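Me: I would like to go through the salt bridges here. Please take the structure below as our starting point.

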Amino acid sequence: MKQARSVALRSGEEIAAIGQGTWHFAESAGRRDDEVASIRLGIDLGMTLIDTAEMYGNGAAEVLVGEAIAGRRSEVFLVDKVLPHHATREGTVRACEASLGRLGTDHIDLYLLHWRGTIPLAETIKGFADLERAGMIRHWGVSNFDMDDMVELAGLPGGDEVQTNQILYNLTRRGPEYALLPWLAEYGVPAMAYSPIEQGRLLDHPALQPIAEQYNATPAQIALAWVLHHDGVNAIPRAGTPPHVRQNAAARDIELSRTDLDDLDRAFPPPTRPHPLEVL
């Protein structure tokens, strides 16, 4: 099956199947030029979803993203995240205002609660609604929410406006397949997979190399292609150099066979019982 080039949000709007993550960007001055160039090249290659967060580098990653997308904002679907301890109704608005300033833009396309904290979800939803009314965000969603969190969210006033759940999902972290991914699919909420190659730890796994050789590809591209094989899931790998960006983009063209998928299931067995959602 040809890999999807886009995934639909709950609203029906299409987003890129492979986006660009920025966790750990802007942490080294020596890597900055490559990181900016990588984001710009990714946009050229259709990886127009860019994910960042106020937590990344204490806002420094947002500044870098703002530099990279300057003059190209209309081409980008921008995802940002609010820290849970900021996520009161008023605090969510203040955090978003600060992020917009660092990004150098007037709106965020998709604003996520980074993970579940102690502030009631109803408060955060009200903050998101205020931001939507003000035109500062277009959509909102969540990150690192397990089944019970999603069920609670869906039962709250306005909770059905959630557009995505960004989660840790890759070949070694298949727990969401047991219950969470089916629940999200039933409600039309796509999953956004972060660390789709397990921060590089999948690259040396012996099961990936023979499949990669069949496609003249890298193990990382096979791991990405596996994520993209799943309906309603997009991926946000991080690539800090232009050659790495090109490799990620090329994973869209790999069509894994049923035999490949069966081989990967044997090497990375799917869950047979509930697993708590893992996080990094």
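Me: Before the details, how exposed is R138?
Reply: R138 is partly exposed, at a relative accessible area of 34%. The classes are buried for under 20% relative accessible area, exposed for over 50%, and partly exposed in between, with a 1.4 Å probe and protein chains only.

Me: What kind of model is this, and how are residues numbered?
Reply: The model is predicted: local features need pLDDT of at least 70, side-chain atom pairs count only at pLDDT 80 or more, and totals for chains, interfaces and linings use all residues. Residues are numbered from 1 along each chain as its sequence is written, and side-chain values use heavy atoms, with hydrogens and water left out.

Me: How many salt bridges does the structure hold?
Reply: There are 21 salt bridges, each defined as a side-chain nitrogen of Lys or Arg within 4 Å of a carboxyl oxygen of Asp or Glu.

Me: Which residue does E13 meet in a salt bridge?
Reply: E13 pairs with R138 at 2.6 Å, N to O. E13 sits in the loop between β1 (6-8) and β2 (14-16) and R138 in strand β7 (residues 137-143), so the pair ties together parts 125 residues apart in sequence. Helices (H or I, at least four residues) and strands (E, at least two) are DSSP runs, numbered from the N terminus.

Me: Now R173: is it buried or exposed?
Reply: R173 counts as buried, at 14% relative accessibility. Its salt-bridge partner is E278 (2.9 Å, N to O), which is partly exposed at 35%.
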